[in-house]
Amino acid sequence: MAEVTLSAPLRADGKEPNFLQRFGHGFVHGDIFTKLSFLVWGLGYIGHGQLIKAVLVTLVQGLGLYYLGVAGIPNLMKFGTLGTVQMEMVFNPATFKNEVNDYDNSFAILLLSIIALVVIVAMIAAAMAVVASNYNLQQIRKAGKKTNSFVQDVRVYLNEKFYVTLLTLPVLGVVIFTIVPLFILIAVAFTNYDQQHMPPNSLFTWVGLANFFTLFGGGQSLSLTFGYAFGKILIWTLVWAFFATFTNFFGGVFLAMFINDKKTKFPKLWRTLFVITIAVPQFVTLLLVRNFFGDNGIFNTMMSNLGVTDLLHNIGLLSPTMDYIPFLTSNGWAQVMIILINIWVGVPYQMLIATGVLMNIPADMLEAARIDGANPVQMFFRIKLPYLLSVQGPALVTDFVKNVNNFNVIYLLTQDVYVTADQSMAASSAKEVDLLVTWLFRLTQEQYNYKMAAVIGIMVFIICAVFTVVCFRFINKKEATFS
Amino acid sequence: MTQVMSADTKKQLRKGKIQRGVRGTIRHLILIALAAVWLVPILWLVVTSFSSYRGINFTHFFPEGYTLDNYINVLFHPDSVAQFPQWFMNTLIVAIFNCIISTCFVLMVAYAFSCCRFKSRRLLQNLSVTVNLFPGVLAMIAVYFVLRYLDLTNSYAGLIMVYAGSSGLGYLICKGFFDTVPVSLREAAKLDGASEARIFFQIVIPMSKPILVYTIINSFMMPWTDFVMAKMILNSGISADWTVAIGLYNMLSRTLVNNYFALFCAGGVLVSIPISILFVIMQKFYVEGITSGADKG
């Protein structure tokens, strides 16, 4: 069957009508069944002779309405306040016992309301689609043709509309496990959900933009430390992401060129030696390295035996009271070490990728440059680097974003090891070496300060999104001028 | 040639050869130094796993006595802290389920975006890129709220859901590969009357074995290497419930590290062996995937 061409073109410009137009047209020009199908999805299909489909869609609609009736609407009613009845023990005269009252759980209200909103939007969209499809059926019958049987319909979903079959489950997964949680998180940023307001024992409620003011240092007493910590951590996050991305990229490129050079013997062997480090899971190597560089660790012993510790004392890089080098325990040292260790972690990956990309450079291009008398430095800056950047430019942008969110390296290297000496940082559970993401993680785990964690999360998203959009704009523009 | 060449040029040539020899030696010395830096921690892991001393040896790089006890203990004598066999089984269960669900999701989304043409394709792709910008940790905290509400924390079902639930978003590399399957092949099959579903199962999938292997191994490895999500969801503090990553992490907590460091190393080596084998298989596709995914954006 496929789409029936509408008798009169819907749009003057002759383009295909969009979803809304098809719904509108169907609803206005449809017969009684088509119109009714907006309310009861099955009716239209019954009227147009598709019984199995009618039962199925009505079942889905019933489930949706059941959810809205039982959980959705009652909670949506309380959405404005997020609950008013606090949990209490109430004496029940019938049983002569103290019992828990019928309390409101703010979090449940928030969660179920947001799910209800998603369900409502989905159901309205589905109802509109049902009307459009019923109008289509009506037209087919009017033209005197047969509508699809159920088996034929199923076949359509394995053929022309196979993408619907493919995408339904994954999209559902993303909606449930990413989108809905994100909505919840965004909502939490506008509430006072923290240790003093933990459901089910107590309620939390909307506070507007107060948490954002706190983060930017505009609120009451506590916010001074928060604003201070946020500024410091934001700067370190950006510095870290910049260095982590570029040291790894260039480290990987140079290592790859060094190994792939014709003068290097056994390139495969060297490559394998570096790749071994990737094969050990990151959490194992990072935890190991953390102990390797511990205050009393083996590396400190070696340094002290070699006299490096004394040397540092003498040139004033290390205060005389310390008999060890505080690789991961003091502000300044720790940041440098983290970036160095990250080079150790990331360069082998980048080396593998750069090897692959460099091999794809057209050989005649390099040959031509050589004949023209280009030296290796020129060849690197004029040919290899632009080529690498053009292929890996987008990957560099995503790497930067990944590094802004690089939880593992920072958390595994500094958790339980690094203790901040800065009182105002400590007051907001922050450390100088924290990234925004590790900070927000610690806020939720140690202080149960979900509201601030949510605000920081939104800030991280804004930073990443703006950075990505700007970079891709730039990359696209550049590509346009070259080609 | 040789007759024409004067003694002078000969000398110069020899000098060049020596210079090249010296440069070659320096080049390889640098490589050896770099490789040493990269391998020292790995070497430390391996030698400490054979150490007869159970804590961290602060004074010597190489242990004073060698023994196999750490491996025997970690594999056959679990105690209240180190329950490696149990953790291994837990992780294996999670890994198998995650592998099945994630692989299906990734292949499905990649095929739909690569080979099917429909109106909302661009919109959905852009949406997926935007959603990916949210930090994983952030989404995870929110997911944790939901799972706690549903009472699914401290259960493998919850953990599998978190790993596999939104795995469809990681379709880019796989899509890059599907894009390389010639359109003419699919068109020919369509002319012969094959449905999209048949083309997917009987033409595109069999042609995409490399990316299939890559996706399977990648999703299988995830629970073995992931630390954060598992720590957040399996937070009961009951050792027998943990995955390998949290268990090993716990061994290094301040009170335990002096008794369990060597065991940690043995456990680390044991996890690394299967992962290294899988990684060696995957290495080839890894590069292909990254580079082909990159230029498609």
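**Exercise 1. Classify the packing of α10(A) against α1(B) in this predicted model.**

Step 1. Locate the helices. Helix α10 covers residues 267-279 of chain A, and helix α1 covers residues 7-49 of chain B.

Step 2. Take the geometry. The two pack at an angle of about 30 degrees, and their axes are 9 Å apart.

Step 3. Apply the cut-off. Angles under 35 degrees count as roughly parallel. α10(A) and α1(B) are therefore roughly parallel to each other.

Step 4. Add the handedness. α10(A) passes α1(B) in a left-handed crossing.

Step 5. List the contact residues. α10(A) supplies A:Trp270, A:Leu273, A:Phe274, A:Ile276 and A:Thr277. α1(B) supplies B:Leu31, B:Ala35, B:Trp38, B:Leu39 and B:Ile42.

Step 6. Sort them by class. The contact of α10(A) with α1(B) has nine nonpolar residues, one polar residue and no charged residues.

**Exercise 2. Repeat the analysis for α10(A) and α14(A).**

Step 1. Helix α14 spans residues 333-359 of chain A. α10(A) and α14(A) pack at an angle of about 125 degrees, with axes 8 Å apart.

Step 2. Test the angle. Roughly antiparallel needs over 145 degrees, and roughly perpendicular needs 65 to 115; the rest count as oblique. α10(A) and α14(A) are therefore oblique to each other.

Step 3. The crossing of α10(A) and α14(A) is left-handed.

Step 4. On α10(A), the contact uses A:Phe274, A:Val275, A:Thr277 and A:Ile278. On α14(A), it uses A:Pro348, A:Tyr349, A:Met351 and A:Leu352.

Step 5. By class, the contact of α10(A) with α14(A) holds seven nonpolar, one polar and no charged residues.

Step 6. Look for overlap with Exercise 1. A:Phe274 and A:Thr277 appear in the contact with α1(B) and in the contact with α14(A).

**Exercise 3. Describe the contact between chain A and chain B.**

Step 1. Count the residues. Chain B gives 71 and chain A gives 74.

Step 2. Find the leading element on chain B. Helix α13 (residues 257-296) of chain B gives the most to the side that touches chain A, with 14 residues.

Step 3. Break down the chain B side. It has 49 nonpolar, 17 polar and five charged residues.

**Exercise 4. Place A:Phe461 and judge its exposure.**

Step 1. A:Phe461 sits in helix α20 (residues 450-482) of chain A.

Step 2. Count neighbours. A:Phe461 has 19 C-beta neighbours inside 10 Å. A buried residue needs 20 or more. A:Phe461 therefore counts as partly exposed.

Step 3. Check its contacts. Beyond residues up to four places away in sequence, A:Phe461 touches B:Leu133 and B:Phe134.

Step 4. Compare sequence and space. A:Phe461 and A:Asn300 lie 161 residues apart in sequence, and their C-alpha atoms are 39 Å apart.

**Exercise 5. Do the same for B:Phe50.**

Step 1. B:Phe50 is in the loop between α1 and α2 (69-76) of chain B.

Step 2. B:Phe50 has 19 other C-beta atoms within 10 Å, so B:Phe50 is partly exposed.

Step 3. Setting aside neighbours within four places in sequence, B:Phe50 contacts B:Pro63, B:Tyr66, B:Thr67 and B:Asn70.

Step 4. B:Leu68 is 18 residues from B:Phe50 along the chain, with 5.8 Å between the C-alpha atoms.

**Exercise 6. Describe how the two domains of chain A meet.**

Step 1. Domain 1 is 19-197, and domain 2 is 215-293 + 328-482.

Step 2. Their centres, taken over C-alpha atoms, are 42 Å apart.

Step 3. Nine residues from domain 1 and nine residues from domain 2 form the contact.

Step 4. The domain 1 side divides into five nonpolar, three polar and one charged.

Methods: Residues are numbered from 1 along each chain as its sequence is written. Chains are lettered from A and ligands numbered from 1 in the order in which they are written. This is a predicted model: local features need pLDDT of at least 70, side-chain atom pairs count only at pLDDT 80 or more; totals for chains, interfaces and linings use all residues. Axes are lines fitted to C-alpha atoms, for helices over the stretch in contact, and angles run from 0 to 180 degrees between N-to-C directions. Helices (H or I, at least four residues) and strands (E, at least two) are DSSP runs, numbered from the N terminus. A crossing is left-handed if the near helix is turned anticlockwise from the far one by less than a right angle, and right-handed if clockwise. Two residues are in contact if their C-beta atoms, placed from the backbone, lie within 7 Å. Ala, Val, Leu, Ile, Met, Phe, Trp, Tyr, Cys and Pro count as nonpolar, Asp, Glu, Lys and Arg as charged, and the others, Gly among them, as polar. Domain bounds come from an automatic or database domain assignment. A residue is buried if 20 or more other C-beta atoms lie within 10 Å of its own, exposed if 12 or fewer, and partly exposed in between; C-beta atoms are placed from the backbone.
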